[in-house]
Amino acid sequence: MCVTISVIAGKIMRLRKYRDLLLIFVWREFTVRYRQSSIGILWALVQPLSMMLLFLFIFSYVLKVQNSSYPQMLFFYAGLLPWLFFSSALNYSIPSLTTQYQLITKIYFPREILPISGIAVAFIDYLIALALFVVFLVIYQIKVSWLALWMIPLTAMLVLFTASVSIFLAGLNVYYRDVKLATTFLLQLWFFASPVMYSIDKLDMKIKVLLFLNPLTFIIENMRRCVLEDRDIVYWQFFLVGGIVVLSYKLAYRYFIKIERAFADVI
């Protein structure tokens, strides 16, 4: 985690002079998203609740599959929390550079501010949905131990991994507009490769290894494991996946810095 903190600190140093601009973009994205909405920010709860109820109906009443020893509703909601943040952040950040081409061609500022603002808005929605998750834990009387504190580094890992994918694809989308068109298809594949509506506990070891190539698998599984199942994480897996996430972020950010100089000409 020390490496992660140093990487984030390096990025903050680059953005320090433009922090006011970053906050303006975040506020603008947030207000635009819920402008002229009758229920406003409560829309952040509609998607996880509706998908949770859909999964609950399919798996509990149609297929009659029991995925966990605790309430199915908590199982699905805990999986949807990180996934919806990840998918929402990508949907907002990937086209952010091309849709703001007028700004990019006129003035200079760190271009990563645009995708980061989309990630920040998605993170606000994540926190709102997380608050409802806490309410569900109280309603179902789930005993939460100190292991639930692992949610903090797991969330940091989720944000860092989301930022790496978002920045890389946002930069690539400037040169290849097919990236935005392929985002929906990509997220569909990624959804089924992530244990949102299933658990990997009963899967074959070869499939588990394949699924763990996706960092979201470790993040989603351990959010359930630490909060709902009161089990500690596997430390070597945490450091391995954490190293992969940090490395992917460093490579994605380095690639973004390398190509951003030509954005104004290409876009």
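Half of this chain is tucked away: buried residues make up 50% of the 267 residues in the protein chain. Keep in mind as you look around that this is a predicted model.

Now trace the chain from its N terminus. Every element you pass is an α, and the tally comes to 13 helices and zero strands. How do they pack together overall? The radius of gyration is 19 Å, close to the 18 Å that the globule rule gives for 267 residues, so the chain is as compact as a globular protein of that length. Along its principal axes, the C-alpha trace spans about 55 × 45 × 35 Å. Look at the contacts too: among those between residues at least 6 apart in sequence, 80% join residues at least 24 apart.

Next, zoom in on α12, which covers residues 235-259. Is this helix straight enough to fit the simple ruler for helices? At 1.5 Å a residue, its 25 residues should span 36 Å, and its end C-alpha atoms are indeed 36 Å apart, which agrees. Several of its residues are buried, including Phe238, Val241, Val245, Tyr249, Ala252 and Phe256. Here's a handy idea for reading such a list: an α-helix has 3.6 residues a turn, so residues three or four places apart point the same way.

α12 also takes you to the second largest pocket, where it gives the most to the lining, with five residues. This pocket has a volume of about 390 Å³, and α10 and α11 also give two or more residues each to its lining. There are 16 lining residues, with Ile200, Lys208, Phe212, Val234 and Gln237 nearest the centre. The lining divides into nine nonpolar, two polar and five charged residues. Gln237 is also one of the buried residues of α12.

Definitions and conventions:
Residues are numbered from 1 along each chain as its sequence is written. This is a predicted model: local features need pLDDT of at least 70, side-chain atom pairs count only at pLDDT 80 or more; totals for chains, interfaces and linings use all residues. Side-chain values use heavy atoms; hydrogens and water are left out. On a 1 Å grid over the protein atoms alone, a cavity is a set of points where a 1.4 Å probe fits but cannot get out, and a pocket is an open set with protein on both sides within 12 Å along at least five of seven lines; lining residues have an atom within 4 Å of a point. Grid points are joined across faces, edges and corners, and a volume is the space filled by probe spheres set on the points. Helices (H or I, at least four residues) and strands (E, at least two) are DSSP runs, numbered from the N terminus. Ala, Val, Leu, Ile, Met, Phe, Trp, Tyr, Cys and Pro count as nonpolar, Asp, Glu, Lys and Arg as charged, and the others, Gly among them, as polar. The expected span of a helix is 1.5 Å times one less than its number of residues. Buried means under 20% relative accessible area, exposed over 50%, partly exposed in between (1.4 Å probe, protein chains only). The radius of gyration is taken over C-alpha atoms; the globule rule is 2.2 Å times the number of residues to the power 0.38. Contact means heavy atoms within 4.5 Å.
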